Amino acid sequence: MRESYSKENKVGEGTYAVVYLGTRQSDSKKIAIKEIKTSEFKDGLDMSAIREVKYLQELEHPNVIRLMDIFMAYNNLNLVLEFLPSDLEVVIKDKSVLFTQADIKSWLLMTLRGVHHCHRNFVLHRDLKPNNLLISPEGIIKVADFGLARAVPNPREILTSNVVTRWYRAPELLFGAKHYTYAVDVWSVGVIFAEMLLRVPYLPGKDDVDQMEVTFRALGTPTEKDWPSVSMFPSYNKLQIYPPPSRDELRNRFIAVSSSALNLMCGMLEMNPGNRWSTVQCLESAYFKELPSPSNPADINISSS
Amino acid sequence: MASKSTSPSAALLNDSIKSLVSKHLPDDYKRVTDDDLYRHSSQYRHWSYTVGHLREKRIETNLKAVKLIQAKLQKFIDEQGDNISQSELQTLKSKAVPLTMEEELKLVNFYTKKVQVIGKHLNLPTEVIATSITFFRRFYLEESVMKYDPKELVHTTIFLACKAENYFIGVDSFAKKAKSTKDEILKYEFKLLESLKFTLLNHHPYKPLHGFFLDIQQMLYGKVDLKYMGKMYDKCRRKITEALLTDAVYHFTPPQITLAVLIDEDELLVTRYLQMKFGKPEETVEETGTEIVTPAKENAQKEKQEVKQEVKQEVKQEGEKSEQNGKPEDHPNTEKEEEGAETKQEEEEEEAEVPDGKDENTIELDKLMEQIMACKEMIASMSVVSTQDAKLIYAKNYYCQYPDIVIQKLKRKQEQEQEQVGSESKETTEEVSPMKKQKTDV
Ligand SMILES: Nc1ncnc2c1ncn2[C@@H]1O[C@H](COP(=O)(O)OP(=O)(O)O)[C@@H](O)[C@H]1O
């Protein structure tokens, strides 16, 4: 039987879709309907919509947004998604919300699990940022927005480096690499981790050039020693060479953070994508095993008091 | 272990072999493992059928269209009222006949081949052509050629497949290259997507082929000519594309199809490889033990053991599966999260209790060979539909949809006969025939 849904108020407008709140008629469950406008696109179904549908159909995981149904109405494609009333960006920005180290650990763990699930299915997300980490009413983090996702490339495939929102863009992308892989997503998660700890964006570049400056000032300019052939990238010569931060400098920046947390963050923010940690390494990090243990998602209070 | 999900090429083979494991999971299956991934795929969930179920599906699709056509035909006859003569009625009854399921299938196969040819002509990558073929055939599992003219879906399908494979070509330039129009290409794009049940990700056998080739070269290192292997690889890729034109895709997993194609290409080599990989340890040592001189020997041995365990599971599960008829059930999603220890599962997997016994190993290889051979046979049984056949079916399809044309044609013929009786001078008359019109496009 075909489910029916009611469409209620509009909650957001993305690049290629309008999002409405809605209700599933059969059980009055709250849902979100992402309506993809088709008539506007001269090339038929939009690539972002195609990617989103393609990957969400395959990725079923507690930490990946659930695509519950798809239907056509009035020549529009409608994605029925689970209702996720908040996102990490809102939470981080809302200074009236207090959260603990255990809460951060819980969010990072859920994020990494979601990203790991993508990677094990050979999918790169390519647009991880706090705004795309939605939060369910039960406090569960869900990786969302697969409009830029793609399959893990073959080694020889040429890719566009123009992916990922600037502040979360890995150094190989900043250099314009034509080959990259899982490591770009891990970098983004590393920057998000730092942002949760600092509660301000960690590497807020003003433009693409400034992004390199900001990134390398904070984390050191990569050298041939730790990233062989990095100097072959065309833009490398123009770079100011900054030394990597000392452990103490990092500790001063990230106050009250355990050393295994710093290890994990540095693993994710490793300049050389070949040495950057995989999601598996991240999930196995000592950080998740030491106290405090991650908060129970349902116990994290994210609504402003 | 840690590299497993980070390196696609390492995971490739593991994945392939693991998905050889049968389609059914035990109820107490709690964890997500790689072999589980294929079973979670939309390809497995929506597009895998038993032979019986596939047939039922085609019959159902055909029947639905037949009923529509017959209703339309009856309506047409009713509307004509007294205007329709007995001979006209007779002609309608014999000419305007809906297609049978077999005829539909032939027409679909004929046009699928067209999809392939056009894809090649457009210089599309192999995977994009493969996806086009797959989409086209799936569409006609859901819809009848009597409702959607296959000619009108060829370009739409290729265009959507390009997008689905991230090989974007703008609609205008696509239309130009394919000598089609934008409207024609986009007309049924939504319909196509809907009939595809919104599933766009395909697992083609090319990836497992790559994995098996790497493994064969490693296991038979020094025993195989690399130049020969390169040629064989290319041939196998072509054969895989041919296999995608057959129903094997609905009954076998991509790695099974890969092995069928491999065996078809070089039975001796591939059998030897499978013996080494899946055969009894004694057998392996006796037959090939002295030949293997590879640094990775120990690894290979270990892997072989792992693979054996999986195949054992497969044989067990195959048994379960054959007991049930119809579509392999979607297993309940028993996926569970473990606290931070998600990645520990591999080790635990290996501990899974599997009865050991030499006899069983033999059975497993036999069973595997049986599957591969069945798959190979199914691929080979594909018969080419001649243009002549396709034209006849196409015409039949045309007449059953346009009874008025059948009548017109009959009237002209009668007039023509009368004229011929009256005056011998006129020699030929233009006939209203769909075949003339379609000559160039069929
Ligand atoms: N599942 C959902 N539940 C509730 N709100 C959602 C959901 N998905 C998206 N939204 C809201 O709609 C807005 C637009 O969504 P989307 O098109 O995905 O955004 P963008 O293109 O900005 O990434 C989001 O910023 C969010 O506020």
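Which domains does the domain assignment of chain A give? Two entries are listed, namely domain 1 (2-82) and domain 2 (86-297) of chain A, with bounds that come from an automatic or database domain assignment. The model is predicted, so that local features need pLDDT of at least 70 and side-chain atom pairs count only at pLDDT 80 or more, whereas totals for chains, interfaces and linings use all residues. Residues are numbered from 1 along each chain as its sequence is written, chains are lettered from A and ligands numbered from 1 in the order in which they are written, and side-chain values use heavy atoms, with hydrogens and water left out.

An open sheet of 5 strands in chain A follows the order β1-β2-β3-β5-β4, with antiparallel pairing. Strands (E, at least two residues) and helices (H or I, at least four residues) are DSSP runs numbered from the N terminus, and two strands pair if DSSP finds at least two bridges between them. The edges of this sheet are formed by β1 (5-13) and β4 (67-73) of chain A, each of which pairs on one side only. From one strand to the next, the twist averages 30°. Strand β1(A) is joined to β2 (residues 17-24) of chain A by 6 bridges in the antiparallel sense, and A:Lys7 has A:Gly22 in β2(A) as its bridge partner. Helix α1 (residues 47-56) of chain A packs on the sheet and touches β3 (29-36), β4 and β5 (76-82) of chain A; contact means heavy atoms within 4.5 Å. The direction of α1(A) makes about 45° with that of β5(A), where axes are lines fitted to C-alpha atoms, for helices over the stretch in contact, and angles run from 0 to 180 degrees between N-to-C directions.

A further open sheet, of 3 strands, has the order β6-β8-β9 in chain A and antiparallel pairing. Its edge strands are β6 (86-87) and β9 (141-143) of chain A, each pairing on one side only. Between β6(A) and the antiparallel strand β8 (residues 133-135) of chain A there are 2 bridges, and A:Asp87 is partnered by A:Leu134 in β8(A). Helix α3 (residues 101-120) of chain A lies across β8 and β9 of chain A and runs at about 30° to β9(A).

The C-alpha centres of domain 1 and domain 2 of chain A are 28 Å apart. Contact involves 13 residues of domain 1 of chain A and 20 residues of domain 2 of chain A. About 1,400 Å² is buried between the two domains of chain A, with carbon and sulfur atoms giving 60% of this area; buried area is the accessible area (1.4 Å probe) that two parts lose on being put together, summed over both. Of the area that domain 1 of chain A buries against domain 2 of chain A, 42% is supplied by A:Tyr55, A:Leu59 and A:Asn63, more than by any other three residues. The interface of these domains of chain A contains 1 salt bridge, defined as a side-chain nitrogen of Lys or Arg within 4 Å of a carboxyl oxygen of Asp or Glu. A salt bridge is formed by A:Lys142 and A:Glu82, with the closest N and O atoms 3.3 Å apart.

Two features of the backbone are also noted. Most residues other than glycine have a negative phi, and most peptide bonds are trans. A:Asp145, in the loop between β9 and β10 (150-151) of chain A, has a positive phi near 65°. A cis peptide bond, with omega about -5°, joins A:Leu291 and A:Pro292.
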